[in-house]
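Hi,

Here is the structure I promised to pass on. Have a look at it first, and then read on for what turned up in it.

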Amino acid sequence: RNKMITLDNSQWNQLDEIILNLHIQKDVTILQTQILEQLAGLIPHRRSFFDLCTTQNGQRVFFAPVSLNMSKEELADYYKNYQYSDYVAWSFSNHSATIYRDSDMIGRPVRENSDIYRQWMKPMDIYYSLGCTIFSGKQLLGSITLFRSEQEGDFTDSELTMLEVISRHLSAHFSFLWPYGTVPNLAANAAKAAGKEGLSSRESEIAELIAAGHSNSEISQILFISENTVKKHVNSLYRKLHITSRTQLLRRLYDQMSIGTPCEE
């Protein structure tokens with residue numbers, strides 16, 4: 001974007017406060033919550049969420065979404081049914097931080113005929129969206145999305161600029177926190193799944209190793225058991241968790257990271 005945008009003193013003061021606070025906050029869940037709280041005063045909106053992202057076996061997996069105004073069910077519905085068919089999903093395929101306003105990308109007929117609008121957005125009375133991605137190098141580490149109703153009107157150029165500034169600083173801060181990508185505590189989540197789903201200690205151990213990206217062959221070497229035994233344990237934990245793939249296992253473990261928010265388990 002080449003348009004010159006001028007912000008007033010109040011906007012710059014609020015931006016300055018947000019930036020100062022985010023660079024000293026190392027607890028990512030607190031940071032997600034604080035950013036959403038501060039954005040509510042800077043860029044008024046009806047709904048919003050701030051999620052994290054990691055890459056496992058070449059696939060991006062979103063996890064730990066924080067929202068102050070969406071229910072766990074509304075968020076779960078998005079990640080289960082719409083995240084890959086979202087008409088702004090192209091922004092997640094880029095290899096650098098992106099700022100977008102959906103009205104710059106799609107027209108009214110396309111929006112209103114899409115499944116995500118008719119089945120997910122319209123019931124919440126949201127129409128317009130504004131979002132950004134957070135990158136370290138070429139690694140996608142998270143995203144923020146804000147929504148407004150049609151009556152509230154579209155997001156302005158100034159609001160687009162302010163979110164862009166915040167996105168750049170979040171990318172710098174996340175790059176400092178996670179130079180090699182997000183590192184969620186999967187061991188704790190595997191233990192949590194074991195307690196909830198009746199996994200054995202061996203199945204929990206294997207779930208953790210799968211989530212860390214190890215193949216069946218590597219797991220057999222790490223645990224000093226045969227590859228056939230690994231496969232039997234994998235099939236057993238899949239059956240207990242009602243899943244059929246490694247990707248679904250990752251989704252299950254990452255979903256358990258939603259803490260301190262309405263998405264909490």
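Let's start with the inside. The largest nonpolar core has 59 residues, and the members that touch the most others are Ile 35, Leu 39, Ile 43, Phe 50, Trp 120, Leu 170 and Phe 174. Helix α6 is the top contributor to this core, giving seven residues. If you want one residue to click on, try Ile 35: leaving aside residues up to four places away in sequence, Ile 35 touches Ile 18, Leu 22, Phe 50, Ile 144 and Leu 170. There is also a second, separate core, this one of 15 residues, with Ile 206, Ile 219, Leu 241 and Ile 243 among them.

Please keep in mind that this is a predicted model. As for the overall picture, the protein has 11 helices and five strands. Of its 265 residues, 51% count as buried. Take the contacts between residues at least 6 apart in sequence: 66% of them join residues at least 24 apart.

Now for the charged pairs. Side chains of opposite charge can pair when their charged atoms come close. How many salt bridges does a search of the whole structure find? The count is 11, and a few of them deserve a look.

Asp 102 pairs with Arg 111, with 2.7 Å between the closest N and O atoms. Are Asp 102 and Arg 111 buried or exposed? Both are buried.

Asp 115 and Arg 118 make another salt bridge, and here the closest N and O atoms are 2.5 Å apart. Both residues sit in helix α5 (residues 115-121), and because they are three residues apart there, about one helical turn separates them. Asp 115 is partly exposed, at 40% relative accessible area, and Arg 118 is partly exposed too, at 39%.

Then there is Arg 148, which forms a salt bridge with Glu 159; the closest N and O atoms are 2.6 Å apart. Arg 148 belongs to strand β5 (residues 139-148) and Glu 159 to helix α6 (residues 157-177), so this pair ties together parts that are 11 residues apart in sequence. Arg 148 and Glu 159 are both buried. Elsewhere in the list, Arg 46, Asp 125 and Glu 152 are joined into one network by salt bridges that share partners.

Next, the empty space. Rolling a probe the size of a water molecule over the atoms shows where empty space is left. The structure holds one cavity of 30 Å³ or more, and the largest cavity has a volume of about 70 Å³. Which residues lie nearest the centre of this cavity? They are Asp 86, Val 88, Ser 129, Thr 145 and Phe 147, out of 13 residues in the lining. Two elements, α5 and β5, give two or more residues each to that lining, and α5 has the largest share, with three. Sorted by class, the lining of the largest cavity comes to nine nonpolar, two polar and two charged residues.

The second largest pocket offers about 180 Å³ of space. Its lining also has 13 residues, and Phe 62, Gln 83, Tyr 84, Ala 89 and Phe 92 are the closest to its centre. At least two lining residues come from each of β1 (47-56), β2 (59-66), α3 (72-81) and β5. By class, the lining of the second largest pocket splits into seven nonpolar, four polar and two charged residues.

One last residue to look up is His 45. Where is His 45 placed? You will find His 45 in the loop between α2 (28-42) and β1. Why does His 45 count as buried? Its relative accessible area is 17%, and the cut-off for buried is under 20%. Not counting residues up to four places away in sequence, His 45 touches Leu 39, Ala 40, Asn 69, Leu 146, Phe 147, Arg 148 and Phe 155. Some of these have come up already: Leu 39 is one of the residues with the most partners in the largest core, Phe 147 is in the lining of the largest cavity, and Arg 148 is the salt-bridge partner of Glu 159. His 45 and Tyr 128 are 83 residues apart along the chain, and 9.6 Å separates their C-alpha atoms.

Over to you now, and happy browsing!

How values were computed:
Residues are numbered from 1 along each chain as its sequence is written. This is a predicted model: local features need pLDDT of at least 70, side-chain atom pairs count only at pLDDT 80 or more; totals for chains, interfaces and linings use all residues. Side-chain values use heavy atoms; hydrogens and water are left out. A salt bridge is a side-chain nitrogen of Lys or Arg within 4 Å of a carboxyl oxygen of Asp or Glu. Buried means under 20% relative accessible area, exposed over 50%, partly exposed in between (1.4 Å probe, protein chains only). Helices (H or I, at least four residues) and strands (E, at least two) are DSSP runs, numbered from the N terminus. On a 1 Å grid over the protein atoms alone, a cavity is a set of points where a 1.4 Å probe fits but cannot get out, and a pocket is an open set with protein on both sides within 12 Å along at least five of seven lines; lining residues have an atom within 4 Å of a point. Grid points are joined across faces, edges and corners, and a volume is the space filled by probe spheres set on the points. Ala, Val, Leu, Ile, Met, Phe, Trp, Tyr, Cys and Pro count as nonpolar, Asp, Glu, Lys and Arg as charged, and the others, Gly among them, as polar. A nonpolar core is a set of buried Ala, Val, Leu, Ile, Met, Phe, Trp, Tyr and Cys residues joined through side-chain atoms within 4.5 Å. Contact means heavy atoms within 4.5 Å.
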